[in-house]
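Please open the model in your viewer and keep the sequence panel beside it, since each stop on this tour begins with a selection.

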Amino acid sequence: MNFQEYEVIDFACDESFQRYCLEADDRDLHFWENWLTQHPEKRLTVQEAREIVMILSAKQGNRLEQLKHLEDGIARYDLLQEALEEEQPPVVLRRRHIWKYAAIATGVLLLAGSSFLFFRHTPAPAEKHQLVTAGQDPRKTLVLPDGSSVILRQHSSLQLAPGFNKDNRNLTLTGEAFFDVTQNAQHPFMVHTAALDIKVLGTVFNVSAYTNSRETETALFKGKIEVTLPGQPQQKIILQPNQKLVTHAATPFAIAPLDADPVSHKAREIAWVRNRLEIENEPLEVIAGKLEQWYGIRVVFADETVKHYRYSGTFESETIIKALDALQLSYPFSFKMEQGEIIISK
Amino acid sequence: MSYEEDNNSHWERLRKGDKPALFALYNSTYSHLLRFGLKICGNDELVKDCITQLFLQLWSKHRQLPPVTNVPAYLFTSLKRQLLDQLAYQSKIHAAIHRDTDKDPGVELSYEEIIIQVQHDEEMKRRLQQALKTLTPRQIELVQLKFFEGLTYEQIAAQTSQTVKTAYNTIYDAIKALRKMLK
């Protein structure tokens with residue numbers, strides 16, 4: 001038969017070609033693979049014919065790839081058996097282990113990318129805009145007139161004082177931002193928030209000061225900062241690197257070490273700077289708060305017990321739905337989206 | 001040896017811990033299990049995962065496997081249980097995301113439903129649905145027998161009482177029409 005004259009439909013209708021697409025027969029598989037290497041000019045035609053066969057067969061085939069998975073699975077199982085050795089009767093494999101993989105593939109895959117996204121966006125001309133808002137962007141990076149860089153988190157805003165970099169380096173933050181401040185002995189860098197003021201002398205730190213949260217967190221990575229609380233200008237709290245200051249409307253302030261991730265050694269306080277959401281054995285109630293911040297959507301509970309379910313995980317969060325899906329897989333709950341809110345129930 | 005005898009011999013060897021027999025059984029029943037599973041749920045990835053899982057379980061408990069006279073029937077039943085378990089487990093998620101599209105898994109899916117459901121791209125689903133509407137019921141029947149059930153043209157001709165040539169031409173025209181619509 002002269003396959004060189006074949007067009008898309010001729011291939012699709014050819015029985016040997018169909019068996020090749022579905023990997024049903026090793027001889028056909030071998031024949032067509034061989035034929036294709038000799039007729040590279042027919043590649044596109046064959047490709048289209050193959051797509052038609054795959055659509056009409058509902059993606060059957062894949063036998064060899066699936067066989068590979070089975071072989072891998074059995075090899076792992078046998079290894080496990082060897083390891084357990086004397087420990088008697090064969091263990092029944094846990095069902096759902098494939099789902100665990102699925103969860104990893106959808107939500108997670110995280111260990112990559114330790115470099116921060118400092119200058120990924122073009123620096124905004126901060127001189128002209130005295131008020132900068134991140135808006136819906138998950139992060140907005142800016143370089144201030146004095147050369148300091150700031151990553152502003154979604155829904156957060158930064159207001160530069162008049163005369164910034166000429167007479168002073170004062171700014172006001174609402175929300176959360178990550179600062180890398182240049183040194184300038186003449187003008188200390190001052191960050192004002194609703195709950196506290198921070199004086200900086202060249203350093204890297206993160207401030208979380210949401211107006212709707214009663215807690216303000218200042219995490220220091222490098223250098224030195226001096227924090228004062230409103231009404232107590234004489235009490236200066238000095239933070240050392242890898243410490244954070246937590247102030248709360250109702251309780252006295254506390255200084256705590258940064259929460260380093262055991263795997264990546266990156267501080268959890270700035271997980272948001274890297275494009276992902278990290279959760280370490282936290283109750284769903286707290287996670288919901290984080291999701292609210294991360295996605296800018298209200299999350300409410302229709303059930304009390306669910307609030308206390310605990311989860312761990314790291315998400316390369318694309319949508320809140322995906323993040324919740326992945327959490328559900330490890331311990332089920334239900335959720336629905338209604339009128340701009342996510343409602344979590346048992 | 002016939003297909004049936006082959007499978008019975010694979011099964012007996014598997015029970016004795018013969019690993020190649022497991023793979024032989026897998027290769028000989030894979031496409032049948034896949035088609036069977038697709039009719040229960042139009043998610044080829046889920047069905048393929050469950051088949052892999054089924055054979056892993058066969059291997060892990062091969063010592064406890066009973067003697068079986070109809071091996072494919074045993075595998076179909078196990079796969080169905082596996083699939084329904086997974087679907088029940090997932091139904092909570094599905095209920096939350098697309099509560100309306102969930103079908104009762106007891107109902108067998110039609111060929112058109114299956115080939116549309118396994119497509120992920122919404123645009124593709126839509127076009128495929130449109131394209132299938134342009135085919136006659138006879139064309140769809142023959143395309144299903146050919147591409148989904150995997151029958152040969154001779155088998156199709158015999159089953160539908162027409163010549164091989166006519167069967168081929170019907171399918172050829174159907175694909176030509178589909179291709180035009182899908183482009």
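Begin in chain A by selecting strands E15, E18 and E17, which in that order make up a three-stranded open sheet with mixed pairing. Bear in mind throughout that this is a predicted model. The edges of the sheet are strand E15 (298-301) and E17 of chain A, each of which pairs on one side only. Viewed with direction ignored, neighbouring strands here are turned by 25° against each other on average. Now narrow the selection to E15(A) and strand E18 (residues 341-345) of chain A, which run parallel and share four bridges; within this pair, Arg298(A) stands opposite Glu341(A) in E18(A).

From E15 of chain A, follow the chain into the loop that leads to strand E16 (310-315), and select Lys307(A) there. Is Lys307(A) buried or exposed? It falls between the two and counts as partly exposed, because 15 C-beta neighbours lie inside 10 Å. Once neighbours within four places in sequence are set aside, Lys307(A) is in contact with Pro283(A), Leu284(A), Glu285(A) and Phe301(A). Add Lys346(A) to the view as well: the C-alpha atoms of Lys307(A) and Lys346(A) are 9.4 Å apart, although 39 residues separate the two in sequence.

Next, turn to another set of strands in chain A and select strand E8 (residues 204-209) together with strand E9 (residues 215-222), which pair in the antiparallel sense over five bridges. The connection between E8(A) and E9(A) is a hairpin of five residues, and a bridge to look for is the one that links Ser208(A) to Glu217(A) in E9(A). Strand E9(A) also pairs with strand E12 (residues 243-248) of chain A, again antiparallel, over six bridges. In that second pairing, Thr218(A) has Leu245(A) in E12(A) as its bridge partner.

Two loop residues of chain A deserve a look at their backbone angles. Most residues other than glycine have a negative phi, and most peptide bonds are trans. Select Asn165(A), in the loop between strand E4 (157-160) and strand E5 (169-180) of chain A, where phi is positive at about 80° although the residue is not a glycine. Asn165(A) counts as partly exposed, with 17 C-beta neighbours inside 10 Å. Then move to Lys59(A), in the loop between H4 and H5 of chain A, which has a phi near 55°, likewise positive in a residue other than glycine. Lys59(A) is buried, as 21 other C-beta atoms lie within 10 Å.

For the helices of chain A, select helix H3 (residues 26-38) and check its length from end to end. At 1.5 Å a residue, the 13 residues of H3(A) should span 18 Å, and the end C-alpha atoms are 19 Å apart, which agrees. Of those 13 residues, the number buried is one, so H3(A) lies largely in the open. In helix H1 of chain A, select Asp10(A), which is partly exposed, with 16 other C-beta atoms within 10 Å. The C-alpha atoms of Asp10(A) and Ala49(A) are 8.3 Å apart, while the two residues are 39 apart in sequence.

Now bring both chains into view. At their interface, 35 residues of chain A are in contact with 38 residues of chain B. On the side of chain A that touches chain B, at least two residues each come from helix H1 (8-13), helix H4 (43-56), helix H5 (63-84), helix H8 (320-330) and strand E17 (334-338) of chain A. H5(A) gives the most to this side, with eight residues. Coloured by type, the residues on this side of chain A divide into 21 nonpolar, eight polar and six charged.

Finally, hide chain A and look at chain B alone, which has nine helices and zero strands. Of its 183 residues, 32% count as buried. Among contacts in chain B with a separation of 6 or more, 60% come from residues 24 or more positions apart. Select helix H7 (residues 137-148) and helix H9 (residues 164-182) of chain B, whose axes come within 9 Å and cross at roughly 100°; H7(B) and H9(B) are therefore roughly perpendicular to each other. At this crossing, Arg138(B), Gln139(B), Leu142(B), Val143(B) and Lys146(B) in H7(B) meet Ala167(B), Thr170(B), Ile171(B) and Ala174(B) in H9(B). The residues of this contact divide into five nonpolar, two polar and two charged.

Technical notes. Residues numbered from 1 in each chain as written. Chains lettered and ligands numbered in written order. Predicted model: local features only at pLDDT ≥ 70, side-chain atom pairs only at ≥ 80, totals over all residues. Axes fitted to C-alpha atoms, helices over the stretch in contact; angles between N-to-C directions. Parallel < 35°, antiparallel > 145°, perpendicular 65-115°, else oblique. Contact = placed C-beta atoms within 7 Å. Nonpolar A, V, L, I, M, F, W, Y, C, P; charged D, E, K, R; others polar. Buried ≥ 20, exposed ≤ 12 C-beta atoms within 10 Å, placed from the backbone. Expected span 1.5 Å × (residues − 1). Pairing = 2+ DSSP bridges.
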